Each structure stands twice: as structure tokens, then as C-alpha cells.
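Me: I'm new to this one. Could you pick a single part and walk me through it closely, from how it begins to what it packs against?

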Amino acid sequence: ECGRVAARLPACVRVNYVGPVSREGVRSLYESSDLMVSLTAGENFGHTIAESLQVGCPVMVTTETLWTKTIIAGGGVVVSRRDDATVVGRHLTEWAAMDDEELIRRRALSVGSFAQWQEQQPPDVVELIAGLMIDESAARLGRS
């Protein structure tokens, strides 16, 4: 389906469909991209946003995501009207017109915004409980 849609696009639009990407290939895909576009109606794949920002690939999302503040701080784009091709096209055209210096600046902002987001996350409860269980087991073994 993606190939059929891409074939109908005007000649000035270049689509590079890479197909399914292995887990190991995700990082290099984002590292080699200037922008990750995720215009879903809701945040179904928040981990993809984090993975993209983590390696310095800015993200374009809709206002429906919980990542809005992080994306704005990360030099990405928040699209208010995802169903309006003119609005989306304007954002993509502006992005494509950026020079290398601006793209590098946006990449640095993405990495920084991910780091800031990560610092604000609550502790992983499963990891905390596992740590406590290990500590308790070690203490019991020490008392025997």
C-alpha cells in the first residue's frame, strides 16, 4: 500500500520506503534521518518518539500526544491540524528548507530534550522491587 501511495505522489516528492526495520536497525534509521513524522490520532507508539529524540532525530507529532512540551523543547514540530495536507505540507517544506547548521542545532535540541524528559520520569517500580528483593536475599544469605 505504501508503494502505491508513493507512486501517486508528484515527481518533486521523494519517498524512501524502507519497509519493516529490525529492532537493531531502528537506532541507525533515526540517526540517519532529519525528522521522524508521527501524525497519529493519539499516542500509540510513545517509545518511537523517545527512541528518535534520544539519538538526535527531531520529531513531528500531533497535538494529541503527551510529548508536546518535549517536542517543542527538542526543536521538533507539533502539528495542530494533522488532517490538513496544506498545514502538514507547509511544516515539511519549512523543514526541508533548513540548512545544515539549523538541522544540527535541532538535533542537539532533541538529545537535550530527551535527557530532560528522562530525568523527570518516576523510578521504575519493577526495578525498585527487584532491587529490594535482591538486597533482602543477600541479607538473608549473610545471616545464615
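Reply: Let's begin where helix 5 starts: a side-chain oxygen of Asp84 comes to within 3.0 Å of the backbone nitrogen of Thr86. That pair fits a polar contact, meaning N or O atoms within 3.5 Å, one able to donate a hydrogen and the other to accept it, where residues adjacent in sequence count only if both atoms are side-chain atoms. Helices here are DSSP runs of H or I with at least four residues, strands are E runs of at least two, and both are numbered from the N terminus. This is a predicted model, with local features needing pLDDT of at least 70 and side-chain atom pairs counting only at pLDDT 80 or more, while totals for chains, interfaces and linings use all residues. Residues are numbered from 1 along each chain as its sequence is written, and side-chain values use heavy atoms, leaving out hydrogens and water.

Helix 5 covers residues 85-96, and its end C-alpha atoms sit 16 Å apart, which agrees with the 16 Å expected for 12 residues at 1.5 Å a residue (the span is 1.5 Å times one less than the number of residues). Val87, Val88, His91 and Trp95 are buried in this helix, buried being under 20% relative accessible area, exposed over 50% and partly exposed in between, with a 1.4 Å probe and protein chains only. Down the axis, the buried residues of helix 5 fall within an arc of 100°, so they line one face; the arc is taken from the directions from the helix axis to the C-beta atoms. Turned away from that buried side are the exposed Ala85, Thr86, Thr93 and Ala96. As for partners, the buried residues of helix 5 pack against strand 2 (59-62), strand 3 (77-79) and helix 6 (100-119).

Technical notes
Contact = heavy atoms within 4.5 Å.
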